[in-house]
Amino acid sequence: MTKTNKNSSFKQYIRLTNPIHFLAVGLGSGMSPIMPGTMGSLMAIPIWLLFCQLIPILYWILIVVAFVFGCFLCQKTSDDTHTHDSGHIVWDEFVGMWITLFFIPHLSVLWVLIAFIIFRFFDMVKPWPIRLADQKVSGGFGIMIDDVIAAIFSSIVVYLLTFWIS
């Protein structure tokens, strides 16, 4: 199935009035006609601002819950729209951004921008093993896991940059 057919099929079956679909497409950000993954990553930032001050254990519990819930959201939305890993499903970008943003040294526009750019780089380029996970792991877990791996790579880079940028 070509990307055009996949996206056409997706738009035919998506229902933004369905709370599962609405969350899977990042509160509608994933429905952007251009760069839906980037739009989803951007939408993740204001939501992150609501919980970024949590103590680390609560932050990571939230991330784990968002990941597990995301596996369900992404699978259900893929099933309902007869697609696999449509670019319009961006809950995985939300979780990936939230993981990456945890590692910024302090809250500032510069660090959020750095984290955003690095995460988008790894999510779009998909170096090994991100590409391997993207191609070989299926279902809702497969949709989520490549972004988590991209977030791990991004988090390492962000952490290393903290020694050079302050």
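## A walk through the predicted model

Start by selecting Leu54, Ile55, Ile57, Leu58, Ile61, Leu62, Val65, Phe69 and Phe72: together they make up a nonpolar patch on the surface, with about 790 Å² of accessible area. Keep in mind as you go that this is a predicted model.

**Stop 1: Leu54 and the pocket**

Stay with Leu54, a member of that patch. You will find Leu54 in the loop that runs between helix H3 (36-51) and helix H4 (56-81). Its relative accessible area is 35%, so Leu54 is partly exposed.

Leu54 also takes you to the next sight, as one of the residues lining the second largest pocket. To see the whole lining, add Trp48, Cys52, Gln53, Pro56, Tyr59, Leu101, Phe102, Ile104, Pro105, His106 and Leu107 to your selection. The volume of this second largest pocket is about 170 Å³. Which helices each supply at least two residues of its lining? Colour H4 and helix H5 (91-102) to see them. Now colour the lining by residue type: 10 of its residues are nonpolar, two are polar and none is charged.

**Stop 2: Gly28 and Val90**

Next, pick Gly28, in the loop between helix H2 (19-24) and H3. With a relative accessibility of 25%, Gly28 counts as partly exposed. Draw a distance from its C-alpha to that of Val90: the two are 9.2 Å apart in space, while 62 residues separate them in sequence.

**Stop 3: the salt bridges**

How many salt bridges does the structure hold? There are five, and three of them are on this tour, beginning with Glu93 and Arg120. Show these two side chains, which meet in a salt bridge at 3.9 Å, N to O. Glu93 belongs to helix H5 and Arg120 to helix H6 (residues 109-125), so this pair ties together parts that lie 27 residues apart in sequence. Are Glu93 and Arg120 buried or exposed? Both are buried.

Keep Arg120 selected and add Asp123. These two form a salt bridge as well, their closest N and O atoms being 2.6 Å apart. Here both partners lie in helix H6, three residues apart, which is about one turn of the helix. Arg120 has a relative accessible area of 9%, which means that it is buried; Asp123 is also buried, with a value of 5%.

Now move on to Lys126 and Asp146, a salt bridge whose closest N and O atoms are 2.9 Å apart. Lys126 sits in the loop between H6 and helix H7 (130-136), and Asp146 in helix H8 (residues 139-161), so the pair ties together parts 20 residues apart in sequence. Lys126 and Asp146 are both buried. Finally, show Glu93, Arg120, Asp123, Lys126 and Asp146 at once: salt bridges that share partners join them into one network.

**Stop 4: backbone details**

Where is the cis peptide bond? Zoom in on Trp128 and Pro129, which it joins, with omega at about 5°. Pro129 is in the loop between H6 and H7.

For the last stop, go to the loop between H4 and H5, where you will find His82 and Asp85. Check the backbone angles here. His82 has a positive phi of about 60° although it is not a glycine. Asp85 has a positive phi too, near 50°, and is likewise a residue other than glycine. Asp85 is buried, with a relative accessible area of 18%, below the 20% cut-off for that class.

Conventions. Residues numbered from 1 in each chain as written. Predicted model: local features only at pLDDT ≥ 70, side-chain atom pairs only at ≥ 80, totals over all residues. Heavy atoms only, no water. Patch = residues over 30% accessible without salt bridge, like charges linked within 9 Å, V, L, I, M, F, W, Y side chains within 5 Å. Areas by Shrake-Rupley, 256 points an atom, 1.4 Å probe, with all protein chains shown as cover. Salt bridge = Lys/Arg side-chain N within 4 Å of Asp/Glu carboxyl O. Helix = DSSP H or I, 4+ residues; strand = E, 2+ residues; numbered from the N terminus. Buried < 20%, exposed > 50% of the residue type's maximum accessible area, 1.4 Å probe, protein only. 1 Å grid on protein atoms, 1.4 Å probe; cavity = no way out; pocket = protein on both sides within 12 Å on 5 of 7 lines; lining within 4 Å. Points joined across faces, edges and corners; volume = space filled by probe spheres on them. Nonpolar A, V, L, I, M, F, W, Y, C, P; charged D, E, K, R; others polar.
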